[in-house]
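Trainee: I am new to this structure. Could you walk me through it, one question at a time?

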Amino acid sequence: LPGFIAQDKKPLLIEDIASDARFIRGLKDEGKSYSVVGIPLFAQDRLVGAMDFFSAEGLSSDSSIVDLLTTIGHQIGVAIAHARLREEALAAERMAAVGRVATSVAHDLRSPLGGIVRSAEFLARPELSDPPRQKLSQAIEVTKSSVTWFLMVISILLSQNLFWSAL
C-alpha cells in the first residue's frame, strides 16, 4: 500500500480491504472487516515517505480521520526531512574532520621527512670515498627514494585540502 500512496501522492481510504484486489494477505480470511488509510508524507511539496493505518472498526469515506492523519502526516514528513538533513550535516562534518586530521598529519610529517631527504642527499654524495660510507650511501639512496615517494603522497593530500574542506 505505501507504494500506491507514494505513486499517487494523495491519501487513500479503503473501507473494506477484503474487497480490494491489492490485498492478498491473511486479513481477508479472518472473517473481519478491516479498513485502511494510507497517507503520503510530504516536506515542502517533496514526498519523503508514506504510512498506512489499519482499523478493525471500519472507516467510511466521509470520516474526518483522513484529514486528521493527513495533517499529522505533513508534520511527520517535515520531521523526517529535518532528520535526514541533520544526518547529512553530521556526515559532512565527519568527513571534514577526517580531512583536517589528514592535513594535520601530512603537515606534521612533511618537515621531518624533508630533513631525512636532505641528510640522505648529503651522505650519498659521490665524492665520499670511504668504503663504509659508500655502503651507507646505497642504503640511504633506497631510503631517500621511499621518503621522496611519501613526500609526494603528502603533497597530493595537501593539494586535496580544498576537497576535504568542501566535504
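Trainee: In what order do the elements of the chain run from the N terminus on?

Mentor: Keep in mind that this is a predicted model. The chain has four helices and three strands. From the N terminus on, the order is α-β-β-β-α-α-α.

Trainee: What percentage of the residues of the chain count as buried?

Mentor: A residue is buried when its relative accessible area is under 20%. The chain exposes about 11,200 Å², with 60% of that supplied by carbon and sulfur atoms. Of its 167 residues, the share that counts as buried is 25%.

Trainee: How many bridges pair strand 2 and strand 3?

Mentor: Strand 2 covers residues 35–43, and strand 3 covers residues 46–55. One bridge partnership joins Ile-39 to Met-51 in strand 3. The two strands pair in the antiparallel sense, and the number of bridges is nine.

Trainee: Which residue in the loop between strand 2 and strand 3 has a phi near 65°?

Mentor: Most residues other than glycine have a negative phi. This hairpin has two residues between its strands, and Gln-44 takes a positive phi near 50°. The value near 65° is also positive, in a residue other than glycine. That residue sits in the loop between strand 2 and strand 3, and it is exposed at 79% relative accessible area: Asp-45.

Trainee: Where does Lys-9 lie?

Mentor: Lys-9 has a positive phi near 55° and is not glycine. Lys-9 counts as partly exposed because its relative accessibility of 49% falls between the limits of 20% and 50%. Its place is the loop between helix 1 (2–8) and strand 1 (12–14).

Trainee: Which element gives the largest share of the largest nonpolar core?

Mentor: The core has nine residues: Val-37, Ile-39, Leu-41, Ala-43, Val-48, Met-51, Val-66, Leu-69 and Ala-81. Strand 2, strand 3 and helix 2 each give two or more residues to this core. The largest share is four residues, and it comes from strand 2.

Trainee: Is Leu-69 buried or exposed?

Mentor: Leu-69 is found in helix 2. Beyond neighbours within four places in sequence, Leu-69 is in contact with Val-37, Ile-39, Met-51 and Phe-53. Its relative accessible area is 10%, and the cut-off is under 20%, so Leu-69 is buried.

Trainee: How far apart in space are Leu-69 and Gly-38, C-alpha to C-alpha?

Mentor: In sequence, Leu-69 and Gly-38 are 31 residues apart. In space, the C-alpha to C-alpha distance is 8.7 Å.

Trainee: Which residues does Val-66 contact, leaving aside its neighbours within four places in sequence?

Mentor: Val-66 is one of the residues of the largest nonpolar core. With those sequence neighbours left aside, its contacts are Pro-11, Leu-13, Val-37 and Ile-39.

Trainee: Why does Thr-70 count as buried?

Mentor: Thr-70 lies in helix 2, which spans residues 65–123. Thr-70 touches Pro-11 and Ile-39, not counting residues up to four places away in sequence. Thr-70 counts as buried because the cut-off is under 20% and its relative accessible area is 19%.

Trainee: Which element gives the most to the lining of the largest pocket?

Mentor: The pocket has a volume of about 200 Å³. Its lining is Ala-43, Gln-44, Arg-46, Val-78, Ala-81, His-82, Arg-84, Leu-85 and Glu-88. Six residues of the lining come from the element that gives the most, helix 2.

Conventions
Residues are numbered from 1 along each chain as its sequence is written. This is a predicted model: local features need pLDDT of at least 70, side-chain atom pairs count only at pLDDT 80 or more; totals for chains, interfaces and linings use all residues. Side-chain values use heavy atoms; hydrogens and water are left out. Buried means under 20% relative accessible area, exposed over 50%, partly exposed in between (1.4 Å probe, protein chains only). Contact means heavy atoms within 4.5 Å. Accessible areas come from the Shrake-Rupley method with a 1.4 Å probe; for residues, only the protein chains shown count as cover. Two strands pair if DSSP finds at least two bridges between them. A nonpolar core is a set of buried Ala, Val, Leu, Ile, Met, Phe, Trp, Tyr and Cys residues joined through side-chain atoms within 4.5 Å. On a 1 Å grid over the protein atoms alone, a cavity is a set of points where a 1.4 Å probe fits but cannot get out, and a pocket is an open set with protein on both sides within 12 Å along at least five of seven lines; lining residues have an atom within 4 Å of a point. Grid points are joined across faces, edges and corners, and a volume is the space filled by probe spheres set on the points.
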